[in-house]
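Me: Please take a close look at a single part of this model, the contact between domains, and explain it with care for someone who works at the bench. After that, go on to the contact between chains and to any local detail worth following on screen.

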Amino acid sequence: MTASLLSKSLLRRDAAVSPEALIRLLVLLAGMALLVVGLLFPLFAMLVKSVQDRSGDFIGLANFIRYFQTPALVNSIANSLSVALMATVTVVSLAFVCAYGITRTCMPGKRLFRMLAILPILAPSLLPAISLVYLFGNQGFLRDVLAGHSIYGPIGIVMGMSFWIFPHALMLLTTALTNSDARLYEAAEALGTPKWRTFLTITLPGVRYGLISCLFVVFTLAITDFGVPKIIGGQFSVLATDVYRQVVGQQNFQMGAVVSVILLLPAVLSFIVDRWIQRRQVAQLSARAVPWQPTPSPLRDWTFALLCYTVAGIILLVIGTAVYASLIQFWPYNLSFTLQHYTFQGLGGGGWGAWFNSLKLAFSVALIGTLVIFFNAWLIEKSEGYRPLRQGLHFMAMLPMAVPGMVLGLAYIFFFNQAGNPLNWLYGTMAILVLNTLVHFYTVCHLTSVTALKQLDPEFEAVGASLKVPFWTTFSRVTLPVSLPAVLDISVYLFVNAMTTVSAVVFLYNSDTRLASVAVLHLDEAGYFSSAAAMAVLIFLTSLVVKLLHSALTHVLLNNAQRWRQAG
Amino acid sequence: MQTTMTSLLAADSPTVMTPITPHLHIEAVTKKFGSFTALDIISLTINEGEFVCFLGPSGCGKTTLLRTIAGLSQQTSGKLIQRGIDVSTLPPQARDFGIVFQSYALFPNLTVFNNVAYGLRNRRADRARINYRVTELLALVNLSGSEHKYPAALSGGQQQRVALARALATEPGLLLLDEPLSALDARVRGHLRSQIKALQARLGVTTIMVTHDQEEALTMADRIVVMNHGVIEQVGTPAEIYHQPASAFVASFIGTMNFLDVTVNSADQVTLAAKPLTCQPHHNMPLGETARLAVRPEAIALTQQQQGLSGEVIDIEFLGAFQRVTLRLTGADQTLLADVPSRDSTSLSLYVGQTLGIHIPAEAARLYPVGSDHL
């Protein structure tokens, strides 16, 4: 709708459009259409649903009023805020210490630690929750550590969230702490500044934007997470589980929409703050900055090594517990080794079929998503003309970050399941899962693409045009090969997320398109804890293998196939 | 505006002996970025085989004009006619030009051979022909043997020459050079300057080069287009630009220039420091008013005689081939630079505090109105 209006006005301006420009315009419009259909229309349908009654009549804010009059529902807001805040404080402080260890000390084994620290990203958020039940649950072998408190509730939720959000925070803070200017530290040292004062006046101000940005990202991830509270929340309900309960449990779609709107608010807020910070962060570090290199200091180095390896140990313990739980007969009564939990026989949830579906989804999203997102980013970044359209597409590409998975999934039901919708046939197919996952994780891939493209010479396209080479040739012969490392990063990011996500797709699968992550949820609900653990481990291992392949491929590319990167 | 520009061109045209074929007509081209006018009704004709330099300070619009000619940036109004065809609205792909950018924009993942062959591949020329052409081009820019190297393995000057070969590969009718030498160090720059000029003369390809380096423009161009604030200040041969600057801006931008406050007495008479002085005849400068007299330091002769204009030496700068003497005019609070060739300086036995006679030849003294734009 908006797009067609735009195109009309644009076409008028450049009356003499060449075939190439026309193709560019069409692809831009297609990219716009993808995000309009895959994001804006569903969100709009959801907003509409939240002000309707069951029969579809407009009732104003009656649903919202009813929501705020139901204590069981309103309590979730405070619950969500409190666990999200606790998880944020835990994750950010731990991640800061570890990131400091990586960037500002000479602690041994940095590479190994970074590899271990990334592991939680490869598992669905359901995995730590399952492990925590084995560790601290009623039969758990570390139950006494909790001194009588139950793991089912806020404690478990905060622990589980902290586990899977930790790598995100670590990556953000490592990047922030890497950007240092040695000249400032040398100046401070020359002036006889004590170490603590150097930290307060140089280190902290230097990372303040990265730190604030990290706080908001972590908070958003925590407040919108569904997997952990679903498994380990017990009676402690949060907004994300409320959406699920209202829709799947009580078939109350209107109330589901209301909770979704409320869940959307903190995410949108932190999105706005993050954008605002990103804008201020520009050019904080001048091009002439000299990176700071740590010098060995045994006491400091070993202290940080100890802290980091404790964290790594916990990560290994949590993953190891899930692996162990999936390999024994029946905890805690029969500890003999078995592979039977990996057969998933006679259990609902889809078993290996679900795993295969997940694989299909992950490969499709990785392939289609990488091409679509990177090509769109290229059009936005590197083409002349259609400026409003390109800016509009860039803005649209930033939006998915602000939409929690639960909200997006529910919005898809409302939009695609409408009787009159011509896209209704998509509902219940693999295609809708691909579309949903692609849109869900669009933003990070888009930003990665834009960053990579900004590093290229701005005149490549102009040279191609002057040599009468069509733009797609320059794209495929130059831009794509040169940006290959970033493109591979994007594809593996999409693969892993498609493999592990549960929040959005939990509303969208049908009996033919069950996914492994959803199977974990159902196996756990049905009380097949070992099989749930087995499925979670399977997802983890799949992601791990793909990630390792990616690393190997990148290594080979940079060292052999892309010899041109080295001078001489 | 357009007619004055054209008549000016006709008068200034250097190639009177050979029939002049115009290659490119720029007709009243205007480019606006929001409220900022980058090009203000630019009209210009570039002839076949000519080497033209767009010269001006940064932000004067020279690069915008080049990009407009290439179609990389669309003019707000005005026309571009190339070899009789209106190319005003054509995309870059449909125009006939080759371009070398300041950054060279060599494709880092392609070898030198593939970079140069990039535009040939598309024309579906057969392999043998491509090989032949690339070899020929690389020989032309003295890079034979580097076919299989990647750009990262080449020096700046070599990369520049690869970019040139790539731009010439498709035999464009018009070669555009966007500050092609500014990223290189001084020695390489001097060498490449003559190489590019020789190459251009040999191939006879019409060439437009954008530069902010006046020395580059003076040594390479057949004609120079001096630009400032989005308008053309002057079009002319290097000698015309240097010796007969059309405005105070051109006078101050090219080379070193003394500007002295004088009073206008008649069509070719002024008063400087209470002394009468003859200058180039001027038009419409009100008599009895102040004006600015422009003289090149090297045109000034210093003498031991002290009748007429004189001044006190307040600084002597050694610049190798000559010495630059700063003098304060006797009877006026004005300073002036004079260049004394090293072999003459001994006869003058220059020292600070000395008073010397100053001779300003009439043919080297030009008048400009007060307050006109200069650097």
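Reply: The bounds of a domain come from an automatic or database domain assignment, and the model to which that assignment is applied here is a predicted one. For chain A, the assignment gives domain 1, made of residues 29–62 and 352–562, and domain 2, which covers residues 70–340. Taken over C-alpha atoms, the centres of domain 1 and domain 2 of chain A are 23 Å apart.

Where these domains meet, 37 residues of domain 1 of chain A are in contact with 33 residues of domain 2 of chain A. On the domain 1 side, the elements of chain A that give two or more residues are α2 (19–50), α16 (405–416), α21 (484–500), α22 (516–525) and α23 (529–561). Of these, α23(A) gives the most, with twelve residues. By class, this side of domain 1 of chain A holds 24 nonpolar, eight polar and five charged residues.

The contact between the chains can be read in the same way. Here 22 residues of chain A are in contact with 23 residues of chain B, and the chain A elements that give two or more residues to that side are α2, α19 (460–466) and α20 (471–482). The helix α2(A) therefore deserves a second look, because it is listed both for the side of domain 1 that touches domain 2 and for the side of chain A that touches chain B. The largest share of the chain A side facing chain B, however, comes from α19(A), with five residues. That side divides into 13 nonpolar, five polar and four charged residues.

Within chain B, two elements are worth following locally. In helix α2 of chain B (residues 62–70), eight of the nine residues are buried, so this helix is largely enclosed by the rest of the structure. Its buried residues include charged side chains such as B:Lys62 and B:Arg67, alongside B:Leu65, B:Leu66 and B:Ile69. Just after α2(B), B:Gly71 takes a positive phi of about 85°.

Strand β10 of chain B (residues 231–236) is likewise largely enclosed by the rest of the structure, because five of its six residues are buried. Its antiparallel partner is strand β9(B) (residues 223–228), joined to β10(B) by five bridges, and within this pairing B:Ile224 stands opposite B:Gly236. The two strands form a hairpin with two residues between them, and in the turn B:His229 has a positive phi of about 50°.

Key: Residues numbered from 1 in each chain as written. Chains lettered and ligands numbered in written order. Predicted model: local features only at pLDDT ≥ 70, side-chain atom pairs only at ≥ 80, totals over all residues. Contact = placed C-beta atoms within 7 Å. Helix = DSSP H or I, 4+ residues; strand = E, 2+ residues; numbered from the N terminus. Buried ≥ 20, exposed ≤ 12 C-beta atoms within 10 Å, placed from the backbone. Pairing = 2+ DSSP bridges.
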